[in-house]
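Take a look at the protein below and turn it around on your screen. When you are ready, we can walk through it together.

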Amino acid sequence: MMKSILAIILLLAGAVASISTAYADVEQRVEYTTSLNSMASVVMNWYGSLITTNKDAIFVAVDNRWTDYRSHYPENISQIKITSSDLTKLEGSSQYQFKVASLISYSTAEGKQSQIINEIFVFDVSLLSLPVIKSLSLEKSEKVAAVESDKFTSSHYKAREFAYAWLAYLDGVELAPSLSSTSWIDTADYTLKIGHKKIQGSVRSIREQRKQYLTKGGHLLRSIDVEKKESKSTLLLTVIAEWKGVNQSGKPVLAKIRQEITVRVLEDKTWKVLAIDEQHLIPDIAPWIGLLC
């Protein structure tokens, strides 16, 4: 009898420990993804705003505290390619260290030039709040052979600045200025398809309704493609994201999400979302690799 009781106690203790571990994992997922997405959006804004030639996008003004630091970059930048990145939370604080290595292409009187720059951003990020850059430091700056590319322009960074901020918002973070949300948050049409279920409404209402399927957890951006539609002022963003967490019943959920976001580029080059079409696909079991897309 005592052995049976002991077995039941151990079984219950194991179940409680398993639930506690799962809950802790979800909390960590929320903290990691919301912080990463918010910081990544700021980093994309930072580099996109440095590109001055062939500029086809507008970015939120960078805090003038960093004017002196930004003067270290070359002038007439045409391309910036992020070659590697690494994120570390600083122990005992709400601060994160974001290391970024980039290849910068620019023009001088002598012709096309390129250089490698390694930098460290330190952000302060309270949970579900917008990040603040606390410090910046330059680890390395080295000239290399000129590299030609037409991929990593300001539009490349604008799409990613938007996508990271958008996913952060879906997970509960404040609306970032980069979303220019006042022009569309209450008017854009949002359609959500999960299996045979289909719901439609405003961004705010669908964001709440999808919580029955994706209650607590976080999105990670895995790819983004941008297509210009018939009208040059209309873009179609195809976003693929992974969501991991729990549903309303507390059951683990792994989702592969495809969003088609139709955007109109206004005369002032800000973006107005017209429609969002979200569909949940069969999830990828294998883990995704990479920090930034």
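This report goes from the whole chain to its domains, its cores and a few single residues.

## The chain as a whole

First, a word of caution: what you see is a predicted model. The protein chain has 293 residues, and 43% of them count as buried. Its C-alpha trace spans about 90 × 45 × 30 Å along the principal axes. About 15500 Å² of the chain is exposed, and carbon and sulfur atoms supply 54% of that area.

Charges are easy to picture too. The chain carries 34 positive and 32 negative charges, and the mean positions of these two groups are 5 Å apart.

## Helices and strands

You can find 4 helices and 10 strands in the protein chain. Starting at the N terminus, the order is α-α-β-β-β-β-α-β-β-α-β-β-β-β.

How much of the contact in the chain links residues 24 or more positions apart? Among contacts with a separation of 6 or more, such pairs account for 60%.

## Two domains

The domain assignment splits off domain 1, made of residues 25–36 + 154–281, and domain 2, made of residues 62–144. Notice that domain 1 is written as two stretches of sequence, 25–36 and 154–281. Taken over C-alpha atoms, the centres of the two domains are separated by 26 Å. Where they meet, domain 1 gives 14 residues to the contact and domain 2 gives 12 residues.

## The nonpolar cores

Now look inside. The largest nonpolar core holds 63 residues, and the members that touch the most others are W46, Y47, F98 and W166. Helix 3, residues 154–170, provides the largest share of this core with 10 residues. Both domains take part: domain 1 and domain 2 each give at least three residues to this core.

There is also a second, separate core of 5 residues. Among its members are L214, V253, A255 and I257.

## A closer look at Q115

Let us zoom in on one residue. Q115 sits in strand 3, which covers residues 111–124. Is Q115 buried or exposed? Its relative accessible area is 8%, which is under the 20% cut-off, so Q115 counts as buried.

Which residues does Q115 touch, once its neighbours within four places in sequence are left aside? Its contacts are P74, S102, L103, I104, Y106, S141, E142, K143 and V144. For a sense of distance, compare Q115 with V62: they are 53 residues apart in sequence, and their C-alpha atoms are 23 Å apart in space.

## Two residues with positive phi

Here is a backbone detail worth finding. Most residues other than glycine have a negative phi. N76 has a positive value, with phi near 55 degrees. N76 is placed in the loop between helix 2 (67–70) and strand 1 (77–89). With a relative accessibility of 39%, N76 falls between the 20% and 50% cut-offs and therefore counts as partly exposed.

S180 is another residue with a positive phi, near 45 degrees. You can find S180 in the loop between helix 3 and strand 5 (189–194). Why is S180 called partly exposed? S180 is partly exposed because its relative accessible area is 22%, and that value lies between 20% and 50%.

Methods:
Residues numbered from 1 in each chain as written. Predicted model: local features only at pLDDT ≥ 70, side-chain atom pairs only at ≥ 80, totals over all residues. Heavy atoms only, no water. Buried < 20%, exposed > 50% of the residue type's maximum accessible area, 1.4 Å probe, protein only. Contact = heavy atoms within 4.5 Å. Areas by Shrake-Rupley, 256 points an atom, 1.4 Å probe, with all protein chains shown as cover. Lys, Arg positive; Asp, Glu negative; His and termini not counted. Charge placed at Lys NZ, Arg CZ, Asp CG, Glu CD. Core = buried A, V, L, I, M, F, W, Y, C linked by side-chain atoms within 4.5 Å. Domains from an automatic or database assignment.
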